[in-house]
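Subject: Structure handover

Hello,

Here is the structure for you to look through. My notes on what was found follow below it.

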Amino acid sequence: MPDATRLTVRKTYKLFIGGAFPRSESGRSYVVDDAKGGFLANASRASRKDVRDAVTAARKAFPGWSARTAYNRGQILYRVAEMLEGRRDQFVGELRDLGLGKAAAGTAVDGAVDRWVWYAGWADKLAAVAGSANPVAGPFFNFSTPEPTGTVGVIAPDDPLLGLVSVVAPAIVSGNTAVVVAAERAPLPAITLAEVLATSDLPGGVVNILTGSRAELAPWLASHMDVNALDLAGAAAEDVAALEEAAAGNLKRVLRPGAQDWARTPGTGRMTAFLETKTVWHPVGV
Amino acid sequence: MVFEYAPAPESASIVDIRPSYGLFVGGEFVDGHGEPFKTVNPADETALAEIARADAADVDRAVRAARTAFEKVWGPMPGAERAKYLYRIARLIQERARELAVLESIDNGKPIRESRDVDVPLVAAHFFYHAGWADKLEHAGFGPDPRPLGVAGQVIPWNFPLLMLAWKIAPALACGNTVVLKPAETTPLTALLFADICRQADLPPGVVNIVTGAGETGRALVEHDGVDKVAFTGSTAVGRGIARSVAGTRKRLTLELGGKAANIVYADAALDQAVEGIVNGIFFNQGHVCCAGSRLLVQEPVAEELVERLKTRMGTLRVGDPLDKNTDIGAINSAAQLARIGELARAGEDEGAERWSPPCELPGRGFWFAPTLFTGVAQSHRIAQEEIFGPVLSVLTFRTPEEAVAKANNTPYGLSAGIWTEKGSQILWTAQRLRAGVVWANTFNKFDPASPFGGYKESGFGREGGRHGLEGYLDA
């Protein structure tokens with residue numbers, strides 16, 4: 001039984017950049033309410049500078065993460081699922097604060113755990129499915145392999161946990177690193193997920209999570225010259241054109257928002273959207 | 001020893017260039033409503049023909065013809081029947097191969113040896129390859145029932161006029177799309193001959209439409225609301241503009257843009273083979289190649305020797321009449337391109353690199369540029385950063401493999417790269433680290449319809465060729 005006289009220790013929700021949990025450099029925060037309008041927490045309101053710091057961290061993490069063996073990346077993603085499962089009650093609680101019923105919240109958390117497991121298994125199969133040996137008309141060995149695009153900017157969808165996991169896992173499983181703008185009105189599960197990521201052997205900087213205003217942050221991410229790709233899953237319809245236009249500056253690969261039934265088993269599309277194909281030729285001879 | 005050569009010109013009598021050409025819309029040649037323009041033989045600056053210029057209304061008619069053909073004929077047609085049309089086109093290209101090759105060399109300036117032995121055979125191969133996909137798309141890994149996108153608006157460059165047409169049209173048609181294609185302003189003739197091939201093949205009207213013109217015509221095409229898919233090959237600057245213009249639309253986009261490929265020669269490489277590969281890498285097609293090996297990175301111990309051998313080899317290159325079967329380097333495609341190459345070469349000198357060309361006599365008329373080598377090039381020099389798109393090679397050196405990779409990747413481009421070493425593990429180590437879509441190891445500038453081609457970073461996105469190339473034309 002909780003001691004009625006004991007005051008609960010609340011959590012300060014901060015950003016997740018380079019494996020650490022800094023506050024926004026701007027010192028700003030914004031109020032996150034529960035479903036009934038009651039105060040839940042002050043979340044950090046990230047700034048342009050935080051976007052840039054997060055991109056720097058993601059770029060720094062890219063060579064190491066993309067050079068890990070696929071088997072190792074798969075194990076780490078599976079470890080994320082293990083850590084998430086271990087915090088099941090905490091996530092159910094956070095989703096219930098946002099208005100989900102007990103059963104719905106449980107289903108969402110289970111779905112998020114299972115999604116990590118699903119993508120974990122893809123790590124060492126993607127190259128077999130997306131690569132090829134090409135029968136060219138000449139004495140050459142010619143093969144194509146998928147490689148990660150680089151640093152991916154992710155505008156996460158409103159669905160605060162399953163939606164978030166469904167866009168982050170496919171981006172990083174192939175070796176990309178990510179800068180994620182969390183669901184604006186429901187950012188707290190994203191930061192709690194960051195605590196899971198931080199304890200899953202995922203190298204710092206592979207996933208960076210910012211909370212705050214999408215309208216403020218997304219354009220900086222879209223125009224950043226060291227971001228290679230952009231997932232617009234959570235972008236507002238009226239912002240898509242401007243974000244795509246900004247992304248054209250360095251020819252980012254852009255995944256447009258599409259039908260979003262996060263409960264469905266995904267296809268390979270969210271992974272292949274952030275892959276490059278490298279084709280290597282070598283003469284055959286003695 | 002240098003052999004003397006007697007002239008060995010390919011006869012131009014096989015081609016019949018008409019005084020003027022219209023647009024190919026809905027299966028007919030029709031008048032354009034813009035101001036007509038002339039296409040010029042870059043080898044002697046004579047006008048070859050007057051070409052119709054499509055204005056926005058002409059483009060609109062072409063897109064509507066393509067839409068009708070997509071909805072009524074080509075979309076509903078079983079894949080096996082589409083396949084047979086594409087096989088038929090492949091065969092017609094083979095039948096008319098010499099005519100296409102000569103016309104390409106006349107309009108573009110490339111040596112007949114290249115148009116005859118590389119471009120046109122690859123064009124036929126591209127149609128033959130994609131014909132086979134047309135009724136097998138459900139096995140391509142893009143879902144059980146991949147659908148065509150609709151009308152493809154395609155804009156292609158002047159460096160491989162017919163080959164780029166094939167790279168665009170063959171996969172589009174195989175996947176069930178119809179196309180409106182704009183060839184480059186300076187090289188429209190083989191595309192218009194291809195229109196005649198479509199007619200000989202009885203290809204249903206409107207499945208392939210060719211609109212000629214310059215940048216404005218291309219803009220009208222890619223910005224047209226009735227276009228479902230935009231495919232562009234050309235400069236990164238124009239590609240960026242196209243990416244902006246399709247932002248916020250439903251149009252799908254693939255871009256194949258510029259490059260500044262590093263060709264890395266390790267100290268243990270077979271140097272004579274490497275020299276041949278370097279020459280092929282930068283002087284093939286006058287260096288008008290987006291994937292040209294324009295930055296030579298040589299490991300220091302062999303740099304001096306390699307450059308000497310390279311100079312000796314460059315001294316044997318024959319520059320001149322594109323129709324001469326002995327010619328290695330033909331004409332620069334246009335006065336504008338010649339001016340750009342000259343400007344960048346001067347920048348190389350001004351920035352302190354050392355310029356060298358073999359003694360070589362250039363013809364008095366036409367657009368020509370001698371094969372050129374720059375040594376003492378720093379990474380910051382414009383000739384090490386900007387795409388020259390001409391027969392100009394920049395030589396840089398490196399000490400360690402790590403330095404080679406860092407220098408190779410130090411560019412916003414990422415289209416292609418070359419590696420020369422006898423050590424297999426070093427090839428794979430290097431290939432893994434190069435951020436480029438095509439890596440040629442102990443070879444260079446090889447192409448095949450079964451081999452995906454396309455860039456990383458600002459060299460564009462999407463692939464052309466192979467299974468991967470189908471994705472850009474399917475609603476998967």
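Ser20(B) has Glu50(B), in strand 5 of chain B, as its bridge partner. The model is a predicted one, so please read everything below with that in mind. The pair belongs to strand 1 and strand 5 (residues 47-51) of chain B, which are parallel and joined by two bridges.

On its other side, strand 5 of chain B is antiparallel to strand 4 of chain B, with four bridges between the two. Thr39(B) is paired there with Ala49(B) of strand 5 of chain B. Six residues lie between the strands of this hairpin, and one residue of the hairpin, Glu45(B), has a positive phi near 65°. The result is an open sheet of three strands in chain B, in the order 1-5-4, with mixed pairing. Strand 1 (20-21) and strand 4 (37-40) of chain B are its edge strands, each pairing on one side only.

Next, the helices. In chain B, helix 4 packs against helix 5 (residues 161-174) at an angle of about 5°, and 9 Å separate the axes. An angle under 35 degrees counts as roughly parallel, and helix 4 and helix 5 of chain B are therefore described as roughly parallel to each other. From helix 4 of chain B, the residues in the contact include Leu122(B), Val123(B), Phe127(B) and Trp133(B). Among those they meet in helix 5 of chain B are Leu163(B), Ala166(B) and Trp167(B). Sorted by class, this contact of helix 4 with helix 5 of chain B has 13 nonpolar, two polar and one charged residues.

How is chain B divided? Domain 1 covers 12-257 + 456-475, and domain 2 covers 262-441. The centres of these two domains of chain B, taken over C-alpha atoms, are 30 Å apart. Domain 1 of chain B puts 22 residues into the contact and domain 2 of chain B puts in 26. On the domain 1 side, helix 3 (97-108) and helix 4 (112-133) of chain B each give at least two residues. That side of domain 1 of chain B has eight nonpolar, six polar and eight charged residues.

There is also a sheet that uses both chains. It is open and has 10 strands, in the order 3(A)-4(A)-10(A)-18(B)-17(B)-12(B)-13(B)-16(B)-15(B)-14(B), with mixed pairing. Strand 3 (132-133) of chain A and strand 14 (354-356) of chain B are at the edges with a single partner strand each, so one side of each has no neighbour in the sheet.

Where do the chains join in this sheet? Strand 10 (residues 275-283) of chain A runs parallel to strand 18 of chain B, and three bridges link them. Val280(A) has Val439(B) as its bridge partner in strand 18 of chain B.

Further along, strand 12 (residues 262-265) and strand 13 (residues 295-299) of chain B are parallel, with four bridges. Ile264(B) is opposite Leu297(B) of strand 13 of chain B. Helix 10 (residues 300-314) of chain B lies across several strands of chain B, including strand 12 and strand 13, and runs at about 135° to strand 13.

As for the contact between the chains, 31 residues of chain B touch 25 residues of chain A. Helix 8 (236-246), helix 14 (424-433), strand 18 (438-441) and strand 19 (460-461) of chain B each supply at least two residues on the chain B side. By class, that side of chain B has 14 nonpolar, 10 polar and seven charged residues.

Regards

Terms used:
Residues numbered from 1 in each chain as written. Chains lettered and ligands numbered in written order. Predicted model: local features only at pLDDT ≥ 70, side-chain atom pairs only at ≥ 80, totals over all residues. Pairing = 2+ DSSP bridges. Contact = placed C-beta atoms within 7 Å. Axes fitted to C-alpha atoms, helices over the stretch in contact; angles between N-to-C directions. Domains from an automatic or database assignment. Nonpolar A, V, L, I, M, F, W, Y, C, P; charged D, E, K, R; others polar. Parallel < 35°, antiparallel > 145°, perpendicular 65-115°, else oblique.
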